[in-house]
Amino acid sequence: TKFHRAFPESAMHCKNSNIYLTKQLKDLQELNVKPCKNRLVDGATPIVIKGKNIASLVTGQILFEEPDIERFKKQAEMYGYDLESYLEALSDVPVVSEDQFENALFFLGELAVIIAESGLKSMELKERTRQLEEEITQRKLKGKTLKESEAALRSILRAVPIGIGVVCDRVIKEANEGLCEMLGYSSEEILGNSARMFYLNDEDFAYVGHEKYAQIHEKGIGVVETRLRRKDGNVIDVLLSSSPLDPEDLSIGVTFTVINVTDRKQSESELRKSEQKYRLLVESTPDWVWICDEEGRQTFSNRAVKRMLGYEIQEVLNTSVFRLMHPKDRKKVQKWFQKAKKQKRGWRGSIIRWQHKDKSLRFLETIAQPILDAKGTLTGFTGIDRDVTARKQSEEALQKAHDKLKKRTIELEIK
């Protein structure tokens, strides 16, 4: 911010990056990551509530690999930055993998959705409460009894399909049927007791109280994820949202909602396990598994590239795959790569000569498939390369022996 957004030309790069990311979100409604022209990486993810994209979460200014200091020095000179301060600031920029950044962005986006949904539900509850308070006032003015108003409130509490209650000093004063059903208790077993009865241990109870009330003092609403134990002993994951009846006097009471998110948490856990299994499979295979973008830049590679070509993963990421090919194969491969892009198709069985980091030659047999987005636009290729150097060398040795034998046979026939 001190540098890129403080100078007109580099600030324009930042602005254009944000515009591009948010426009892509509107078009695609999915997570989007893109390096900006200031050489840092930004990302954005949509915040979708009830099927509508209500906002976008934009973050970034990170790196996927250690920075090229010389390029940033030139950038500092180009825009007139103070070089020493700029490089010092650059050293503080976090360097993470693309997977880590996307996972973090996905998590932040999901968290933003949860908070937004919780806030929306809390606002709806506040609006219903406000309407009810107006109705109570009107009924008082008309001489209606308080019992009728209480009956209306309890009707609302029964109708809402989530747990709702009121606590004073964390002692439960009100609990709707949704809360009782969620936790497996009757209202008589809950009312008048401390909320501690639902928590697994004192530490969880203390943490939720501290975190929730700190958020209430700061923002007017507290949102915390925790685990609660039902009467039958089963543990459920919940999202707690709390808002005071009177922000100036918490002793009057605090309303809270409880949403059961156990299924979501289990789905997330299963997804993480699936991702771990997939990553283990990819990393354990002896073949080189890779992904490149539509320009041929590596965006993913497993560890096999080290064994086959001698390069660390970070040495090949965000670089052109063509630069590692044998010069005599490079132009040929670039030509059919462009053809594959145009036809949106992959390739199979081609053997390409690659230059190992130690300058030796490697023969890799390649197979790849195109990557298309929801609109059918090509975004890159994913493929697997297998080292067939030993096979090629054996074939060449056999051919040489055959040629030598044939030549000797001809010589003997002439004699």
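Helices here are DSSP runs of H or I with at least four residues and strands are E runs of at least two, both numbered from the N terminus. Residue numbers start from 1 along each chain as its sequence is written, and side-chain values use heavy atoms, with hydrogens and water left out. The model is predicted: local features need pLDDT of at least 70, side-chain atom pairs count only at pLDDT 80 or more, and totals for chains, interfaces and linings use all residues.

**Exercise 1.** Work out which side of helix α12 is buried and what it packs against.

*Solution.*
- Step 1: α12 covers residues 327–343 and spans 25 Å from first C-alpha to last, close to the 24 Å expected (1.5 Å times one less than its number of residues).
- Step 2: D329, V333, F337, A340 and K341 are buried (under 20% relative accessible area, 1.4 Å probe, protein chains only).
- Step 3: These residues cover an arc of only 100 degrees around the axis (taken from directions to the C-beta atoms), so they sit on the same side of α12.
- Step 4: Turned away from that side are K328, K331, K335 and K342, which are exposed (over 50%).
- Step 5: The buried residues pack against β9, β11 and β13 (contact means heavy atoms within 4.5 Å).
- Step 6: Just after α12, K344 has a positive phi of about 55 degrees.

**Exercise 2.** Find the edge strands of the five-stranded open sheet.

*Solution.*
- Step 1: The order is β5-β4-β8-β7-β6, with antiparallel pairing (at least two DSSP bridges between two strands).
- Step 2: β5 and β6 each have a single partner strand, so they stand at the edges.
- Step 3: Four bridges join β4 to β5, and V166 stands opposite E174 in β5.
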